[in-house]
Amino acid sequence: MAEETANTAEKVIRIAGSITVDELAQALGLSVTALIGELFKNGIVATINQRLDLETAEIMIEELGIANVRLERKNTATKTTDGFRKELSEKATPRPPVVAVMGHVDHGKTTLLDNLLNKKTVETEAGGITQHISAYQLEHEGRKITFLDTPGHEAFAAIRQHGAMLTDIVVIVVAADDGVKPQTVEAIKFAQGANAKIIVAINKIDREGADVPRTMADLSTHGLQPEEWGGDIIMIPVSAKTGEGLEKLLDSILLVADIEELKADTNIPAEGLVIESHMEVGKGSVVNLLVTGGELKVGEFITAGGAYGKVRTMLDFKGKPKGKAGPSTPVTVTGFKELPSFGDRFVEYVDEKAARRAALMNAQAAASEAASANVTSTDLLRMMNTEDNAKSFNVIVKGDVLGSVTSVVDSLKMIDTKGEVTLNVVATGVGDITENDVYMAAGDTQMVIYGFNVNVPTNIAKLAVRDGVVIRNYKVIYELLDDAKQSMGDLLGEEIMETDLGEMKVMGVFRTTKAELIAGGQMLKGKLVPGVMARLRHGKEVIGEAEVESVQKERTPAKELIENEVGGLAMKTEKKLNLMVGDRLEFFSREKKKRTLD
């Protein structure tokens, strides 16, 4: 419910994230009918219980012309965002730190982890860029550390944010020869928003042009003050390639973990987070989990969102069988009856009946929430700014795992079309392109099936060709997004571009017919050449346009007239134009140019 404070100058309404139409109407002193009517005018059919986010409520207040009212977001900092931060019992025991590795694309996050884990994954990642969250565990000084390798490309912001929210320590990797980049700043904000401790690994110190002090100075401008400069952020120069500094990095992680006194309860039902999920032939649902509390064992029943199942098999990050997994441990399990969603919280239940009941309740709650989904400011502005003749670009998105699908869809929705092209995500799914996907797209010339890290079976490809369905399959997300942006840009058609070239003051008019006009004058600015267009202006009034056929200077043909030169010109016209001495001729070029979304 909204909280209000009032004074003689301004009324402040504080809301916690969102507010219902009924609550906003009461706070503004309006009838619900009036507010619903105003929403309807802006393209939103709302109910009395429809929730509006803060930005949308602000827009509606502005549309209604209500002065002296200000909205504020109610402080909810004491509440948790992931459902796992809760009071520990006296029996809680130390647990391994969960460390997310973040930073700008190509700054060496995955290479650093490869060196620590003696793995080789860079070559297998499409484009050398991490595509999913990967979880690993290693031992240092007899203690375990769990690492999350999060994608670096901006399109995977949603995945990376989930990574931060379940993390104790964030290692931000910054290349010493490249410095702070936009995704570095994004990672800093995510880490700070998740209240995670930050350690900076200044990477690529072995490269020519590496400048550690400059990199530290760049980071300090974004609120990260190095310990060496009186701050509280550990910054360690490393080389992921040679291994220099990595031992010190691990020592620092354990030091921070000791200071934080990380603990978890093990005598409670197992709980954690779904990191990834996908289907495999012969295995069914394969789900990557991170245990955050309790101990997960083979044979136990668990629920994640609207999915439930019995843990049939459990493997560690190396693919070796594991009978049980305690806090901060990443595992891969099979046994879910359907795929849980990326980011879902999982919880252990005593038996299948309890797990099934919990999954059903979760599914019903999700359906109810979707039915009365919040109206966001983005939705409202798009509805207000989109014209009736806006083009539609319809897509079906298939991905290898749910996390990929989520990020592709979120990134597609972020493409700015200025309200001229509406993106409709018709369907999504995990797995290869299927016959049903093709049938769904058939008959819609503006629909594209996008595959991400999936296969297109030969028979499906032939079916698509027969039905005129476009399938585009990618392994690197920014290539997929570039394609979508290009496709939406193609729907915009062409626009007429005009370029100003020069101006002449008319000093004489020698012939005026329906098809031709010959005049002379002095160039005031720019340049005049044959073939350009001329706009004839009498004072502020435009009396017509003509095409310049030829130019003369000193009564002989000329290639051009430049500023301050005097000359004549012959123009082709479609009607008789009453040009007079003292009028102006404005010269310009006109061409059709394909519109883009840039």
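How much surface does the protein expose, and what share of it do carbon and sulfur atoms supply? In this predicted model, the exposed surface comes to about 30,100 Å², of which carbon and sulfur atoms supply 48%. Of the 598 residues in the protein, 46% are buried. The secondary structure consists of 14 helices and 33 strands, and, among the contacts between residues at least 6 apart in sequence, 70% join residues that are at least 24 apart.

Among the strands, six form a closed barrel, in the order E14-E15-E20-E18-E17-E21, with antiparallel pairing, and the twist from one strand to the next averages 45°. Strands of a sheet pair through backbone hydrogen bonds, in either a parallel or an antiparallel arrangement. One pair in the barrel is that of strand E15, which spans residues 284-293, and strand E20, which spans residues 329-336; these two are joined in the antiparallel sense over 6 bridges. Within this pairing, Val291 stands opposite Thr329 of E20.

A packing of two helices is described by the angle between their axes together with the distance between those axes. For helix H11 (residues 402-413) and helix H14 (residues 477-490), the axes come within 10 Å and cross at roughly 35°, and the crossing is right-handed. On the side of H11, the contact is made by Ser407, Val408, Ser411 and Leu412, while H14 contributes Ile477, Leu480, Leu481 and Ala484. Taken by residue type, the contact of H11 with H14 comprises 6 nonpolar and 2 polar residues, with no charged residue taking part.

Technical notes. Residues numbered from 1 in each chain as written. Predicted model: local features only at pLDDT ≥ 70, side-chain atom pairs only at ≥ 80, totals over all residues. Heavy atoms only, no water. Helix = DSSP H or I, 4+ residues; strand = E, 2+ residues; numbered from the N terminus. Buried < 20%, exposed > 50% of the residue type's maximum accessible area, 1.4 Å probe, protein only. Contact = heavy atoms within 4.5 Å. Areas by Shrake-Rupley, 256 points an atom, 1.4 Å probe, with all protein chains shown as cover. Axes fitted to C-alpha atoms, helices over the stretch in contact; angles between N-to-C directions. Left-handed = near helix turned anticlockwise from the far one by under 90°. Nonpolar A, V, L, I, M, F, W, Y, C, P; charged D, E, K, R; others polar. Pairing = 2+ DSSP bridges.
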